Structures are given as C-alpha cells and as structure tokens.
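User: I'm new to this structure and would like a close look at a single part of it. Could you pick one helix and walk me through what surrounds it?

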Amino acid sequence: MEAEGLGWLLVPLHQLVSWVAAGAMVFGGVVPYIPQYRDIRRTQNADGFSTHVCLVLLVANILRILFWFGRHFESPLLWQSIVMILTMLLMLKLCTEVRVANELNIKRRSFADFDPHHFWHWSSFADYVQCVLAFTGVAGYVTYLSIDSALFVETLGFLAVLIEAMLGVPQLYRNYRHRSTEGMSLKMVLMWTSGDTFKTAYFLLNGAPLQFSVCGLLQVMVDLAILGQAYAFAHHPQKPAPHAVHPASAKAL
C-alpha cells in the first residue's frame with residue numbers, strides 16, 4: 001500500500017531526472033568551451049587552443065548525424081551533435097578573427113587554393129564553412145547511396161564516435177610538442193573529463209550502440225592524459241632557450 005502511495009511521486013521524479021539527463025547530454029558538451037572562448041576573447045590570443053579540436057568535432061558530429069539516418073538512436077544524442085556543430089563554428093570564427101588580426105605578414109590563404117600545407121589554417125571563416133559544407137555534401141551523398149548496407153551504417157557509426165574519441169589528441173600532441181600547456185584552459189579539460197565520464201555512463205545505462213560506449217571510455221583516457229600533462233609540465237617546466245622566439249602569431253597545431 002505504501003509502495004502504491006509513493007508511485008505517484010516516483011514516476012514524475014523519474015521523468016524529471018530523465019529530462020535533466022537529456023538536457024545535460026544536449027548542452028553539456030559545449031560547456032567546456034565557454035571558458036576557452038572567454039579566455040581567447042579576453043586575451044585576443046588563440047595560440048593556446050588547437051583549432052584541430054574543432055575539425056575533429058565537426059567531422060565526428062556530421063558523421064554521427066548521417067549515422068542517425070541509417071540507425072536511429074536517442075534524440076538527445078542527435079541534438080547534441082547539432083548544438084556541437086554550431087558551437088565549433090563559433091569557436092572557429094573567433095579563433096580565425098583573432099589569429100588574422102595578430103598576424104604581421106598577412107598572406108591570404110583560402111580553401112579554394114587546395115594547398116595541403118595550409119589545410120585548416122585559412123584566412124577567412126568563410127573558407128572553413130566552405131570546407132564543412134563540401135565534406136557534408138560528399139559524405140551525405142555517399143551515405144545516401146549506401147544507406148541500405150548494414151555494414152556501411154555500422155562502420156559509419158564507429159567512425160563517428162572513434163573520431164570524437166580522438167578529440168583531445170590534437171591538444172595532447174600540441175602540449176607534448178611545446179612541452180607546455182600554457183594558453184590551454186585547464187577548466188576546459190576538467191569539464192571535458194567530467195562531461196565525457198557522464199556521457200559514457202549515459203551510453204552504458206541507456207543501451208546506446210556499442211561503438212558509443214567503447215569510444216567514450218577511450219575519450220576519458222585521453223582527457224586524463226592531458227590532465228597528466230598539465231600536472232607534469234607545471235611541476236617540471238621546460239627552461240626556455242635564450243635564442244628562442246615565440247611570436248604571438250605562432251601557429252598552433
């Protein structure tokens with residue numbers, strides 16, 4: 001009798017928790033980039049942030065949306081991809097404007113040049129948009145032709161989450177190359193770690209496709225490696241060479 005009396009309370013409470021979890025999935029992924037965005041805007045220096053992080057997330061989330069057409073998954077994960085794409089475009093816009101403003105010798109580079117040496121290091125935000133649209137068109141056309149193949153759809157889903165799992169690798173490599181995490185927002189990485197942990201738990205508890213859970217665990221491991229770098233470089237900083245010069249326009253990976 002007592003259990004029945006509590007039923008009226010537990011059902012809406014469970015529904016509320018589900019809504020909160022779904023909202024956290026949709027918007028939680030973009031929260032880590034807020035402090036980094038504010039830091040770049042405040043300092044007018046984007047060297048500490050690797051724009052290849054934006055590239056990784058754009059590709060991963062475009063592929064995840066295409067995967068949804070072949071195998072529907074939970075709507076919050078779909079909306080998360082849409083919100084993340086918009087966020088990465090905003091980050092790219094800011095980083096491009098700041099970098100171009102700080103460059104002393106401006107030589108315009110565009111997507112239409114098709115120069116692999118300057119890929120993803122163009123002079124205008126419009127070039128990044130063109131690249132994203134071109135990739136979306138080609139990937140969408142291939143998906144349309146192969147949507148009836150279960151092997152293709154599952155491979156597409158695996159690639160989407162595997163690429164996203166490699167999110168932190170550009171930042172990890174940049175830190176290793178410079179032997180420093182200067183300019184990187186530690187708050188951003190801490191939020192990456194907490195968000196990826198929550199996301200992986202969400203995948204496991206809600207029966208998401210296996211690819212999501214496996215790559216979520218991999219993503220958490222990369223986040224922890226970056227935190228390890230931040231600790232190591234803070235306690236064992238590299239002595240700068242007296243002849244080394246690091247201009248404000250130094251190209252981040």
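Analyst: Here is a walk along helix H8 and out to the places around it.

One thing before we set off: this is a predicted model, so everything below is computed from predicted atoms.

Let's start with the helix itself. H8 covers residues 186-205. With its 20 residues, H8 reaches 29 Å from its first C-alpha to its last, close to the 28 Å expected at 1.5 Å a residue. Just beyond, H8 is followed by Gly207, whose phi is positive, near 65°.

Which residues of H8 are buried? They are Met188, Val189, Trp192, Thr193, Asp196, Lys199, Thr200, Tyr202 and Phe203. Keep Asp196, Lys199 and Phe203 in mind, for these names come back below.

Now for the empty spaces. Rolling a probe the size of a water molecule over the atoms shows where empty space is left. The second largest pocket holds about 260 Å³ of space. Its lining is made of 20 residues, and those closest to the centre are Gly28, Gly29, Pro32, Gly195 and Asp196. So where does H8 come in? H8 gives the largest share of this lining, seven residues. Helix H1 (2-28) and H4 also supply at least two residues each, as H8 does. Sorted by class, the pocket's lining has eleven nonpolar, six polar and three charged residues.

There is also a closed space to visit. The model has two cavities of 30 Å³ or more, and the second largest cavity has about 40 Å³ of space. Around this cavity sit Arg64, Val161, Glu164, Lys199, Phe203, Phe212, Cys215, Gly216 and Gln219. You'll recognise Lys199 and Phe203 from the buried residues of H8. Helix H6 (150-165), H8 and helix H9 (210-235) each bring at least two residues to the cavity's lining, and H9 has the largest share, with four. By class, the cavity's lining divides into four nonpolar, two polar and three charged residues.

H6 deserves a short stop, since Val161 and Glu164 line that cavity and are also among the buried residues of H6. The rest of that buried set is Val153, Leu156, Gly157, Ala160 and Ala165. What covers them? Helix H3 (52-70), H5, H8 and H9 are included in the cover, which brings us back to our helix. As for length, the 16 residues of H6 should span 22 Å at 1.5 Å a residue, and its end C-alpha atoms are 23 Å apart, which agrees.

Lys199 also leads us to H4. Gln80, which is found in H4 (residues 75-102), touches Lys199 as well as Met25, Val26 and Arg64, leaving aside residues up to four places away in sequence. Arg64 is another name from the lining of the second largest cavity. Is Gln80 buried or exposed? At 5% relative accessibility, Gln80 counts as buried, because the cut-off is under 20%.

From H4 you can carry on into the loop that runs to helix H5 (125-146), where Phe114 sits. Most residues other than glycine have a negative phi, and most peptide bonds are trans. Phe114 goes against that habit of phi: it is not a glycine, yet its phi is positive, about 55°. Trp120, in the loop between H4 and H5 too, also has a positive phi, about 65°, without being a glycine. Their surroundings are described by opposite words: Phe114 is exposed, with a relative accessible area of 63%, whereas Trp120 is buried, at 2%.

Aromatic rings make a good last stop. A pair of aromatic rings is described by the distance of the centres and the angle of the planes. The whole structure has ten aromatic pairs. In one of them, Phe67 and Phe73 have ring centres 5.8 Å apart and planes at 25°, so the pair is stacked. Phe67 is buried at 1% relative accessible area, and Phe73 counts as buried at 10%. Phe111 and Trp122 have ring centres 5.5 Å apart and planes at 75°, so that pair is edge-to-face. Both lie in the loop between H4 and H5, so the pair ties together parts that are eleven residues apart in sequence. Phe111 and Trp122 are buried. Finally, ring pairs join Phe111, Phe114, Phe119, Trp120, Trp122 and Tyr128 into a cluster.

Note on methods:
Residues numbered from 1 in each chain as written. Predicted model: local features only at pLDDT ≥ 70, side-chain atom pairs only at ≥ 80, totals over all residues. Heavy atoms only, no water. Buried < 20%, exposed > 50% of the residue type's maximum accessible area, 1.4 Å probe, protein only. Contact = heavy atoms within 4.5 Å. 1 Å grid on protein atoms, 1.4 Å probe; cavity = no way out; pocket = protein on both sides within 12 Å on 5 of 7 lines; lining within 4 Å. Points joined across faces, edges and corners; volume = space filled by probe spheres on them. Nonpolar A, V, L, I, M, F, W, Y, C, P; charged D, E, K, R; others polar. Phe/Tyr/Trp six-rings, centres within 6.5 Å; stacked < 30°, edge-to-face > 60°. Expected span 1.5 Å × (residues − 1).
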